[in-house]
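Work through the exercises below with the structure open. Each task is followed by a stepwise solution.

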Amino acid sequence: MSPVARSLKELREQGFLAEVVERFNSFSRKRSDLFDCIDILAIHPPEKMTFGFQATSNSNIAHRVQKAMKSVKIKEWLRCGQRFEVWGWGKQGPRGKAKHWVLSKRKLLMMPEGMGWVDGLAIHGAAPQNP
């Protein structure tokens, strides 16, 4: 199962209405994401939230976050009040034991000092402004 398929399954289990917006260009033989970074567009009707998600492997999370932080389109997406997260999937578990799939999330945010990201523990990427 691909990271996009795993993410769709997880989102739907959490009550999101989610669809893949990444498309394949048969002429160039390349995949193209919505706004250069969004694989999945999802809404959560009870919470009235709209999200864009980039789904990848755990080993590619840092690259995808950096790509999104450089994207003018994602900056505008966030400025318009939408949300964007990078979801990475990887197998984890003790050595010699059965491994299970684990989801790692990085949420991108617009802050007064610029774009940053949150990994659930701390805010990264934007230096605080000096008063």
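## Exercise 1: One helical turn

Lys 9 and Glu 13 are about one helical turn apart, because they sit four residues apart in helix H1 (residues 3-13).

**Task.** Describe the salt bridge that Lys 9 forms, and say how accessible its two residues are.

**Solution.**
1. The model is predicted.
2. Lys 9 pairs with Glu 13 in a salt bridge; their closest N and O atoms are 2.8 Å apart.
3. Lys 9 has 47% relative accessibility, so this residue is partly exposed.
4. Glu 13 reaches 54%, above the 50% cut-off, so Glu 13 is exposed.

## Exercise 2: The other salt bridges

**Task.** How many salt bridges does the structure hold? Describe the one between Arg 12 and Glu 19, then the one between Arg 79 and Glu 76.

**Solution.**
1. The count is four salt bridges.
2. Arg 12 and Glu 19 meet through their side chains, at 3.8 Å from N to O. The cut-off is 4 Å, so this pair qualifies.
3. Arg 12 is partly exposed at 45% relative accessible area. Glu 19 is exposed at 52%.
4. Arg 79 and Glu 76 form a salt bridge with closest N and O atoms 2.7 Å apart.
5. Arg 79 and Glu 76 are three residues apart in helix H3 (residues 72-79), so about one helical turn separates them.
6. Arg 79 is exposed at 52% relative accessibility. Glu 76 is partly exposed at 38%.

## Exercise 3: The buried side of H1

**Task.** Which residues of H1 are buried, and what covers them?

**Solution.**
1. The buried residues of H1 are Val 4, Arg 6, Ser 7, Leu 8 and Leu 11.
2. Their cover includes E1, strand E4 (40-44), strand E5 (49-57), strand E6 (83-92) and strand E7 (100-111).
3. After H1 comes Gly 15, with a positive phi near 95°.

## Exercise 4: The whole fold

**Task.** Give the secondary structure, the order of the elements and the overall dimensions of the protein.

**Solution.**
1. Count the elements: three helices and nine strands.
2. Read them from the N terminus: α-β-β-β-β-β-α-α-β-β-β-β.
3. Box the C-alpha atoms along the principal axes: roughly 50 × 40 × 35 Å.
4. Check burial: 35% of the 131 residues count as buried.
5. Check contact range. Among contacts with a separation of 6 or more, 47% join residues 24 or more positions apart.

## Exercise 5: Surface and charge

**Task.** What area does the protein expose, and how many positive and negative side chains does the protein have?

**Solution.**
1. The exposed area is about 8400 Å². Carbon and sulfur atoms supply 53% of that area.
2. The side chains include 22 positive and 12 negative ones.
3. The centres of the two charge sets lie 7 Å apart.

## Exercise 6: Confidence

**Task.** Where is pLDDT lowest and highest among the elements, and where does pLDDT stay under 50?

**Solution.**
1. Start with the average: pLDDT is 88 for the protein, and 91% of the residues score at least 70.
2. Compare elements. Strand E9 (residues 123-124) has the lowest mean, 64, and strand E1 (residues 17-20) the highest, 97.
3. Go to residues 127-131. There pLDDT stays under 50, and the model has four contacts beyond four places in sequence for this stretch.
4. Predicted coordinates should not be read in detail where pLDDT is low.

Notes: Residues numbered from 1 in each chain as written. Predicted model: local features only at pLDDT ≥ 70, side-chain atom pairs only at ≥ 80, totals over all residues. Heavy atoms only, no water. pLDDT = per-residue confidence, 0-100. Helix = DSSP H or I, 4+ residues; strand = E, 2+ residues; numbered from the N terminus. Contact = heavy atoms within 4.5 Å. Buried < 20%, exposed > 50% of the residue type's maximum accessible area, 1.4 Å probe, protein only. Areas by Shrake-Rupley, 256 points an atom, 1.4 Å probe, with all protein chains shown as cover. Lys, Arg positive; Asp, Glu negative; His and termini not counted. Charge placed at Lys NZ, Arg CZ, Asp CG, Glu CD.
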